[in-house]
Amino acid sequence: MSMIYASIDTKTKDGRALAAYLENLAIVQVYKEPNERTLKSMKAAKSGRTKEVKNVKSWFEKLIS
């Protein structure tokens, strides 16, 4: 089995079409890399730097403060 890495610009119509086509092929496994914001959030969660909220109202109160 060979591994081929490709970067597809999914912001374009052609890029989205190609990505959708590849994802539907049974012989292709698509691995999506998380973006920088997601990686930063994952790192914060692993290190325990998260905030716990009980409901949406308290979540908004914590965002404002």
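Start by selecting Tyr31 and Gln29: their side chains make a polar contact, at 2.9 Å. You are looking at a predicted model, and this pair is our first stop on a walk through it.

**Around Tyr31**

Keep Tyr31 selected and color the helices. Tyr31 sits in the loop that runs between α1 (13-24) and α2 (36-46). Is Tyr31 buried or exposed? Its relative accessible area is 63%, so Tyr31 counts as exposed, the cut-off for that class being over 50%.

Now add Tyr5 to the selection. Tyr5 and Tyr31 are 26 residues apart along the chain, and 9.4 Å separates their C-alpha atoms. Drawing a distance between those two C-alpha atoms is a nice way to see this for yourself.

**Zoom out**

Next, show the whole chain as a cartoon. How many helices and strands does the protein have? You should find three helices and zero strands. Followed from the N terminus, the order of elements is α-α-α.

Turn the model around and take in its outline. The C-alpha trace spans about 50 × 25 × 20 Å along its principal axes. The radius of gyration is 19 Å, whereas a compact globule of 65 residues would have one near 11 Å.

Switch on the surface. About 6,900 Å² of the protein is accessible, and carbon and sulfur atoms account for 56% of that area. As for the interior, 6% of the 65 residues count as buried.

**Along helix α3**

Now select residues 56-64, which make up helix α3. Two residues here are worth a visit.

Begin with Ser58, which lies in helix α3. Ser58 has a relative accessibility of 19%; because the buried class covers values under 20%, Ser58 counts as buried. Then show Lys54 as well: its backbone nitrogen is 3.4 Å from a polar atom of the Ser58 side chain.

Move on to Ile64, another residue placed in helix α3. Which class does Ile64 fall into, buried or exposed? Its relative accessibility is 74%, so Ile64 is counted as exposed.

**Last stop: a surface patch**

Leave Ile64 selected and add Val53, Val56, Trp59, Phe60 and Leu63. With Ile64, these residues form a nonpolar patch on the surface. Together the six side chains' residues offer about 630 Å² of accessible area. Color the patch in one shade and rotate the model to see where Ile64, exposed as it is, takes its place among the patch residues.

Key
Residues numbered from 1 in each chain as written. Predicted model: local features only at pLDDT ≥ 70, side-chain atom pairs only at ≥ 80, totals over all residues. Heavy atoms only, no water. Patch = residues over 30% accessible without salt bridge, like charges linked within 9 Å, V, L, I, M, F, W, Y side chains within 5 Å. Areas by Shrake-Rupley, 256 points an atom, 1.4 Å probe, with all protein chains shown as cover. Salt bridge = Lys/Arg side-chain N within 4 Å of Asp/Glu carboxyl O. Helix = DSSP H or I, 4+ residues; strand = E, 2+ residues; numbered from the N terminus. Buried < 20%, exposed > 50% of the residue type's maximum accessible area, 1.4 Å probe, protein only. Polar contact = N/O pair within 3.5 Å; in protein donor to acceptor, adjacent residues only side chain to side chain. Rg over C-alpha atoms; globule rule 2.2 N^0.38 Å.
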